[in-house]
Amino acid sequence: MRKILFASSEVHPLVKTGGLADVSSSLPIALHQNGDDIRIVMPAYRQCLEGLKKIEPVATIKLEGFHLPIEILQATLPDSGVTLWLVHSPEHFDREGGPYGLPQSGDFEDNAARFALFSRAIAVLALDQAGLDWQPDILHCNDWQTGLAPALIADEPHRPATIFTIHNLAYQGLYSRDVFDALDLPERFWHSNGLEFYGLMSFMKGGLIYADHLTTVSPTYAKEICNYEYGYGLEGLLSLRAQQGRLTGILNGIDNNEWDPEVDRYIKKTYSTNNIRNKLVNKAAIQRHFALPENYDALVLGLISRLVSQKGVDITLDAVAKVLEAGVNVQLVCLGSGEASYEQDLRILRARFPDKVGVHIGYDEALSHQIEAGADVFLMPSRFEPCGLNQLYSLRYGTLPVVRNTGGLADSVVDATEENRKNGTATGFKFDLSTSEAMEEALDRALDLFQRPRLWRNMVLTAMEQDYSWEKSSKAYQQLYDRLE
Ligand code: ADP
């Protein structure tokens with residue numbers, strides 16, 4: 001049986017700031033169900049210590065650069081048979097706030113030390129040096145927080161094959177040379193073909209340079225990051241990896257149990273392709289929730305997002321404002337949190353159009369399901385989008401996505417051109433340019449089609465029939481593991 005150590009800094013339902021957490025539970029569960037022996041390793045955050053039922057210490061390790069011994073705790077990922085290893089350093093992880101910082105004051109100052117410690121612990125586990133008698137064949141690391149691990153074990157003779165998955169190239173873990181010194185890392189890493197990145201230390205480069213294989217979370221993003229526009233200065237290295245056949249794009253799946261309108265426990269009325277009219281009950285419910293007029297004829301636009309520039313919130317605000325100013329029968333319901341200026345702009349839009357716009361600032365799992373179920377259209381005008389999950393949820397819930405043609409959005413949504421509608425493949429609305437005008441045009445196309453209920457219904461059914469399950473995506477990872485073992 002193949003053994004895989006899967007390392008991630010966030011895992012749903014324990015700790016989540018974004019799509020990484022969803023992937024870090026869904027993919028291991030799918031691999032476990034396919035017969036792999038997979039263990040997840042993550043930091044023992046306070047949320048893990050409080051949220052997990054049975055936790056037992058299984059090992060104590062000593063890490064270079066850190067004085068105190070570190071415990072490895074073992075538990076089971078909720079609602080799965082997957083073993084979870086928690087790196088227990090209370091000083092670093094058992095604290096208030098999210099995995100990377102406090103909502104009010106931003107990132108923790110010691111994040112470099114926290115994730116260097118995490119990476120060192122991953123390396124010890126990957127080399128079977130924790131006394132757990134479990135030697136993985138594959139070490140699968142995710143994002144910069146785990147980036148040092150492939151570097152730390154690269155020269156070890158009996159190491160597992162290493163995979164590093166880029167979930168978002170925009171977050172690289174960049175720190176000063178002083179931090180590099182403080183982390184007690186080998187001097188040989190300080191090299192442009194190592195961790196050094198224009199005078200800074202890059203955690204992400206630990207993965208990009210030293211891992212045997214790189215993946216990212218959609219085929220289009222895998223191509224985009226090889227270009228200047230999306231590559232953040234790493235495009236040369238990534239192009240080289242692509243030429244070497246060492247960079248693969250695999251589209252994320254979704255957790256079909258968690259996101260299924262037929263059994264969703266959060267929504268007012270469950271529905272499927274057989275009783276699509278029940279979706280309207282959810283539409284009325286979401287209108288009520290946001291104190292908007294209950295009006296079936298209004299095109300309800302949904303937005304659930306981290307409120308950051310990447311997600312094109314400004315583009316949405318401008319495009320929707322123009323549509324509303326034109327007096328079109330449209331409503332907008334949004335759920336999000338992030339940069340204060342975007343939060344404020346959303347509140348202003350609500351104040352301008354109180355019977356058209358509903359805003360909930362915050363993070364709310366239940367409400368996110370209710371918006372997916374109740375809205376007609378989902379907005380995702382991202383400037384870049386490695387994969388994106390919400391458009392996949394939207395397809396499953398028959399909530400047609402309006403997306404910018406980039407990354408995973410390009411790979412998962414089929415534009416409602418006349419040709420695609422006629423051959424029954426259209427599932428949403430795409431636009432190319434990162435401008436509110438381009439988005440407005442896509443919204444106009446959605447509005448036009450919404451006036452033609454039979455055509456709209458056909459698209460909703462096509463969207464709901466798409467298969468973006470992990471069953472499919474996990475097979476692609478298994479083929480890659482087969483190649484690397
Ligand atoms: P990213 O990881 O870049 O934030 P994704 O679309 O890949 O974007 O994943 C976002 C995930 O986080 C989805 O599961 C989405 O539903 C969820 N999400 C984002 N913001 C909120 C929020 N304010 N409330 C509830 N869920 C949210």
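The exercises below work through the sheets, helix packing, backbone and ligand surroundings of a predicted model.

Residues are numbered from 1 along each chain as its sequence is written, and side-chain values use heavy atoms, with hydrogens and water left out. Because the model is predicted, local features need pLDDT of at least 70 and side-chain atom pairs count only at pLDDT 80 or more, whereas totals for chains, interfaces and linings use all residues.

**Exercise 1. Describe the open sheet of nine strands and the helices that pack on it.**

Step 1. Helices (H or I, at least four residues) and strands (E, at least two) are DSSP runs, numbered from the N terminus, and two strands pair if DSSP finds at least two bridges between them. On that basis the order is β3-β4-β5-β2-β1-β8-β9-β13-β14, and the pairing is mixed.

Step 2. The edges are β3 (56-61) and β14 (247-249), each of which pairs on one side only. From one strand to the next the twist averages 25 degrees, where axes are lines fitted to C-alpha atoms, for helices over the stretch in contact, and angles run from 0 to 180 degrees between N-to-C directions.

Step 3. At the β3 edge, five bridges pair β3 with strand β4 (residues 70-76) in the antiparallel sense, and Ile61 has Ile70 of β4 as its bridge partner.

Step 4. Two helices are then placed on the sheet, with contact meaning heavy atoms within 4.5 Å. Helix α1 touches β1 (3-7), β2 (37-43) and β8 (138-142), and its direction makes about 160 degrees with that of β2. Helix α4 (residues 111-126) touches β1, β2, β3, β4, β5 (83-88) and β8, and its direction makes about 155 degrees with that of β2.

**Exercise 2. Describe the open sheet formed by three strands and the helix that lies across it.**

Step 1. The strand order is β10-β12-β11 with antiparallel pairing, and the edge strands β10 (174-175) and β11 (196-197) each pair on one side only.

Step 2. Strand β12 (residues 200-202) is joined to β11 by two bridges, and Leu200 in β12 is the bridge partner of Phe197.

Step 3. Helix α7 (residues 203-210) lies across β10, β11 and β12, running at about 60 degrees to β12.

**Exercise 3. Characterise the packing of α1 with α20 and of α12 with α13.**

Step 1. Two packed helices are described by the angle between their axes and the distance between the axes.

Step 2. Helix α1 (residues 19-33) and helix α20 (residues 470-484) pack at about 75 degrees, with axes 9 Å apart. Angles under 35 degrees count as roughly parallel, over 145 as roughly antiparallel, 65 to 115 as roughly perpendicular and the rest as oblique, so α1 is roughly perpendicular to α20. In this contact Val23, Ser26, Leu27, Ala30 and Leu31 of α1 meet Trp470, Ser474, Tyr477, Gln478 and Tyr481 of α20.

Step 3. For the classes, Ala, Val, Leu, Ile, Met, Phe, Trp, Tyr, Cys and Pro count as nonpolar, Asp, Glu, Lys and Arg as charged, and the others, Gly among them, as polar. The contact of α1 with α20 has seven nonpolar, three polar and no charged residues.

Step 4. Helix α12 (residues 313-325) and helix α13 (residues 340-352) pack at about 10 degrees with axes 11 Å apart, so α12 is roughly parallel to α13. Their contact has seven nonpolar, no polar and four charged residues.

**Exercise 4. Locate the cis peptide bond and the positive phi of Asp128.**

Step 1. The bond from His12 to Pro13 is cis, with omega near 5 degrees, and Pro13 lies in the loop between β1 and α1.

Step 2. Asp128 has a positive phi of about 55 degrees although it is not a glycine, and this residue lies in the loop between α4 and β8.

**Exercise 5. Identify the residues that come nearest to the ligand, and give the polar contact of Arg306.**

Step 1. Counting residues with a heavy atom within 4 Å, there are 19 around the ligand, of which Gly19, Arg306, Lys311, Gly362 and Leu389 come nearest.

Step 2. A polar contact is a pair of N or O atoms within 3.5 Å, and a polar side-chain atom of Arg306 lies 2.7 Å from an oxygen atom of the ligand.

Note on methods: A polar contact is a pair of N or O atoms within 3.5 Å; within protein, one must be able to donate a hydrogen and the other to accept it, and residues adjacent in sequence count only if both atoms are side-chain atoms.
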